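Thank you all for coming. I would like to walk through one model with you, going from its surface to a buried position.

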Amino acid sequence: RSEDERASLAGTCVRKLGIEMPALLDEFGNSTESAYTAWPDRIYLIDASGKVAYKSKPGPFGFKPDELQAALHRVVPAN
């Protein structure tokens, strides 16, 4: 019903599900979801310049950890 209610519910989900990675909340009009077609679930890797470096197939069956790991190695070179 409101941005505050949405934020409260999202915070509850993060806590109850034990999500340890940063979680971002889309604005009330869902512009990010519309721009990135995040439904059904997808995994995105955003590089330091803000560009999409990896986009998974729809999950959960489209999640390929090896593909994400390879993309991470391309984006974050080993020391």
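Let me begin at the surface, where Leu17, Ile19 and Met21 make a nonpolar patch of about 340 Å²; a patch here takes residues with over 30% relative accessible area and no salt bridge, with nonpolar side chains joined within 5 Å, and the areas come from the Shrake-Rupley method with a 1.4 Å probe. This is a predicted model, in which local features need pLDDT of at least 70 and side-chain atom pairs count only at pLDDT 80 or more, while totals for chains, interfaces and linings use all residues. Residues are numbered from 1 along each chain as its sequence is written, and side-chain values use heavy atoms, with hydrogens and water left out.

As for confidence, pLDDT being the predictor's own score for each residue from 0 to 100, the protein chain has a mean of 86, and 94% of its residues reach 70 or more.

Returning to the patch, leucine 17 lies in helix α1, residues 3–17, and it counts as exposed because its relative accessibility is 64%, the cut-off for exposed being over 50%. The 15 residues of α1 should span 21 Å at 1.5 Å a residue, and this agrees with its end C-alpha atoms, which are 21 Å apart. After α1 comes glycine 18, with a positive phi near 65 degrees.

By contrast, serine 56, in the loop between β2 and α3, counts as buried because its relative accessibility is 2%, buried meaning under 20%. The serine 56 side chain reaches the backbone nitrogen of isoleucine 43 at 2.8 Å.

Technical notes. Patches are made of residues with over 30% relative accessible area and no salt bridge: like charges are joined within 9 Å, nonpolar side chains (Val, Leu, Ile, Met, Phe, Trp, Tyr) within 5 Å. A salt bridge is a side-chain nitrogen of Lys or Arg within 4 Å of a carboxyl oxygen of Asp or Glu. Helices (H or I, at least four residues) and strands (E, at least two) are DSSP runs, numbered from the N terminus. Buried means under 20% relative accessible area, exposed over 50%, partly exposed in between (1.4 Å probe, protein chains only). The expected span of a helix is 1.5 Å times one less than its number of residues. A polar contact is a pair of N or O atoms within 3.5 Å; within protein, one must be able to donate a hydrogen and the other to accept it, and residues adjacent in sequence count only if both atoms are side-chain atoms.
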